[in-house]
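Reader: I should like to go through this model and ask on what grounds each description of it rests. Please set the values against the criteria as we proceed.

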Amino acid sequence: MHTLRVTKASSHKLQSRFCWVYRNEIAAYDEAIQDGDRVRIESHGGAFLGIGYYNGASEITVRVLSFEERSIDAAFMAQRIERAWHKRSDLARQSNAYRIVHAEADMLPGLMVDYYNGYLSLQINTLGMERLRPWIIDALIAVAQPKGIIEKSDAKMRRKEGLESAGGVIWGEVPQRVVMQERGVAFEVDLHAGQKTGFYLDQRRNRHVVSGYVRGGMRVLDCFCNAGGFGLHALREGASVHFVDMSDSALVQVAQNLTCNGFAPQTITKADAFDFMEAQVASATRYDLIVLDPPPFAKTKREVEGAMKGMGFLLASAVKILEDQGIVALFSCSHHVGIGELLTLALHVGTQEGVMLEVLELLRADADHPYILSIPNTDYLSGVVLRKISF
Ligand SMILES: C[S@@+](CC[C@H](N)C(=O)[O-])C[C@H]1O[C@@H](n2cnc3c(N)ncnc32)[C@H](O)[C@@H]1O
């Protein structure tokens with residue numbers, strides 16, 4: 001195996017279990033290293049730090065696979081996947097769909113695998129992980145015993161790694177639609193089309209927490225609803241729900257999910273959420289609970305200011321159209337806009353709108369998307385649930 005030596009600063013970061021080496025943190029390396037090769041990572045002083053894989057085309061040039069000196073082989077992959085699978089066994093009591101491998105958070109950088117009621121959806125984002133593909137597939141079949149595996153490796157990141165996108169059924173059979181259950185609510189998931197690897201699994205716990213505030217007869221707005229996750233849980237509690245999203249395919253799924261659960265038809269609107277909220281403010285419509293779950297507005301630090309403006313507008317509009325004592329759940333799926341930023345924003349909006357906002361919940365991604373303290377980017381989904389109080 002080739003050897004690569006990192007700077008002092010990077011050595012310290014790896015010792016504290018950070019698992020990336022940036023290009024400018026490489027102090028010296030074996031010239032024969034090829035992209036995708038596995039490397040032995042050494043500190044500036046020559047001590048063993050870990051084993052990773054290399055891609056000179058990527059700013060994140062080395063990703064760590066192991067902090068132990070061991071061979072990376074079929075047994076390694078089987079152990080990693082088995083460990084990730086067992087870690088999620090508690091979630092199986094709430095749902096039959098959850099993420100079983102979450103990249104760095106499971107020490108398998110570049111690999112994501114979701115389980116949907118017997119089927120697996122797989123995404124390989126890096127060249128180094130691509131090289132481990134046969135072991136990954138074998139381990140998944142042995143551990144999860146799926147009926148089929150579909151690949152959805154269409155991430156932009158693959159292009160940065162010099163890889164073509166890859167997709168389709170790669171093992172067994174995967175039907176067009178799989179029906180899964182989440183705490184008694186059924187969802188039809190189109191594994192061949194849907195966004196991400198199929199469904200927003202990371203919001204599972206938050207859908208449950210937010211539905212805990214719903215009472216029969218409440219008027220709920222599920223804005224940026226995708227397949228209707230929050231709204232469907234609210235319907236189960238006896239609310240009526242207005243679903244809003246700009247994606248046709250998402251709204252088709254909402255309608256299918258209403259039918260699938262035997263719920264009465266609800267209002268479903270295809271709209272840009274910003275235009276929709278503006279129009280609602282101008283109208284006399286009022287809600288008891290609003291969910292705002294937009295896509296990531298700040299993928300980089302530079303985009304944070306714009307993201308805060310956008311989210312500020314959404315939250316201010318929600319506060320305006322909420323009844324007194326009404327509740328708003330605001331989410332950010334960007335590492336750069338976390339709980340602190342959401343609370344700062346809420347304080348500002350409360351002042352601007354002349355209301356008090358009571359903090360009911362501080363939320364993050366569910367346990368199948370682990371937040372590893374030494375890998376800050378694994379903290380990427382934040383939410384606040386606020387009650388509007390007008391005195
Ligand atoms: C994070 S997902 C929502 C997930 C959903 N709440 C759930 O629990 O499954 C964001 C959604 O926002 C939609 N979207 C993105 N930009 C939008 C916009 N400007 N107006 C309305 N919907 C938008 C996307 O189509 C996507 O369905």
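Reader: Which residues of helix 7 are buried?

Author: The model is a predicted one. In helix 7 the buried residues are Gly229, Phe230, Gly231, Leu232, His233, Ala234 and Leu235.

Reader: What makes helix 7 mostly covered?

Author: Seven of the eight residues of helix 7 are buried, a term that requires 20 or more other C-beta atoms within 10 Å. The partners against which these buried residues pack are strand 13 (185-190), helix 6 (204-211), strand 14 (219-223), strand 15 (240-245), helix 8 (248-260) and strand 17 (287-292). Gly238, which follows helix 7, has a positive phi near 95°.

Reader: Which residues come nearest to the ligand?

Author: The ligand has 19 residues around it, and Tyr200, Phe224, Asn226, Gly229 and Ala273 come nearest. Two or more residues of this shell are given by helix 7 (229-236) and by helix 9 (273-282). In character, the shell divides into twelve nonpolar, four polar and three charged residues.

Reader: Why is Ser334 called buried?

Author: The threshold is 20 or more other C-beta atoms within 10 Å. Ser334 has 22 such neighbours and therefore counts as buried. Ser334 belongs to the loop between strand 18 (322-332) and helix 11 (339-353). Apart from neighbours within four places in sequence, Ser334 contacts Pro296, Phe297, Ala298, Lys299, Ala307 and Tyr380. Between Ser334 and Leu381, the C-alpha to C-alpha distance is 6.1 Å, with their positions 47 residues apart in sequence.

Reader: Ala103 and Gln325 both have a positive phi. Does Ala103 count as buried or exposed, and what of Gln325?

Author: Ala103, which is not a glycine, has a phi of about 45°, and it lies in the loop between strand 7 (97-102) and strand 8 (111-116). Ala103 counts as buried because it has 23 C-beta neighbours inside 10 Å. Gln325 lies in strand 18 and has a phi near 75°. The limit for an exposed residue is 12 or fewer neighbours; Gln325 has 11 inside 10 Å and so counts as exposed.

Reader: How do you know that the radius of gyration agrees with that of a compact globule?

Author: For 391 residues, the globule rule gives a radius near 21 Å; the protein has 23 Å, and the two therefore agree. Along the principal axes, the C-alpha trace spans about 70 × 45 × 35 Å. Of the 391 residues, 43% count as buried. The fold comprises eleven helices and 20 strands.

Reader: Which residues have the most contacts inside the largest nonpolar core?

Author: They are Ile41, Ile290, Leu292, Leu315 and Val328, in a core of 105 residues. Helix 10 (residues 304-321) gives the most to this core, with seven residues. Leaving out neighbours within four places in sequence, the contacts of Leu292 include Cys223, Phe224, Leu314, Leu315 and Val328.

Reader: What share of the contacts with a separation of 6 or more comes from residues 24 or more positions apart?

Author: Such residues account for 62% of those contacts.

Reader: Where do the domains lie in the sequence?

Author: The domain assignment gives domain 1 (2-66), domain 2 (74-175) and domain 3 (200-389). The centres of domain 1 and domain 3, taken over C-alpha atoms, are separated by 40 Å.

Key. Residues are numbered from 1 along each chain as its sequence is written. This is a predicted model: local features need pLDDT of at least 70, side-chain atom pairs count only at pLDDT 80 or more; totals for chains, interfaces and linings use all residues. A residue is near a molecule or strand if its C-beta atom, placed from the backbone, lies within 6 Å of it. Helices (H or I, at least four residues) and strands (E, at least two) are DSSP runs, numbered from the N terminus. Ala, Val, Leu, Ile, Met, Phe, Trp, Tyr, Cys and Pro count as nonpolar, Asp, Glu, Lys and Arg as charged, and the others, Gly among them, as polar. Two residues are in contact if their C-beta atoms, placed from the backbone, lie within 7 Å. The radius of gyration is taken over C-alpha atoms; the globule rule is 2.2 Å times the number of residues to the power 0.38. A nonpolar core is a set of buried Ala, Val, Leu, Ile, Met, Phe, Trp, Tyr and Cys residues joined through C-beta atoms within 7 Å. Domain bounds come from an automatic or database domain assignment.
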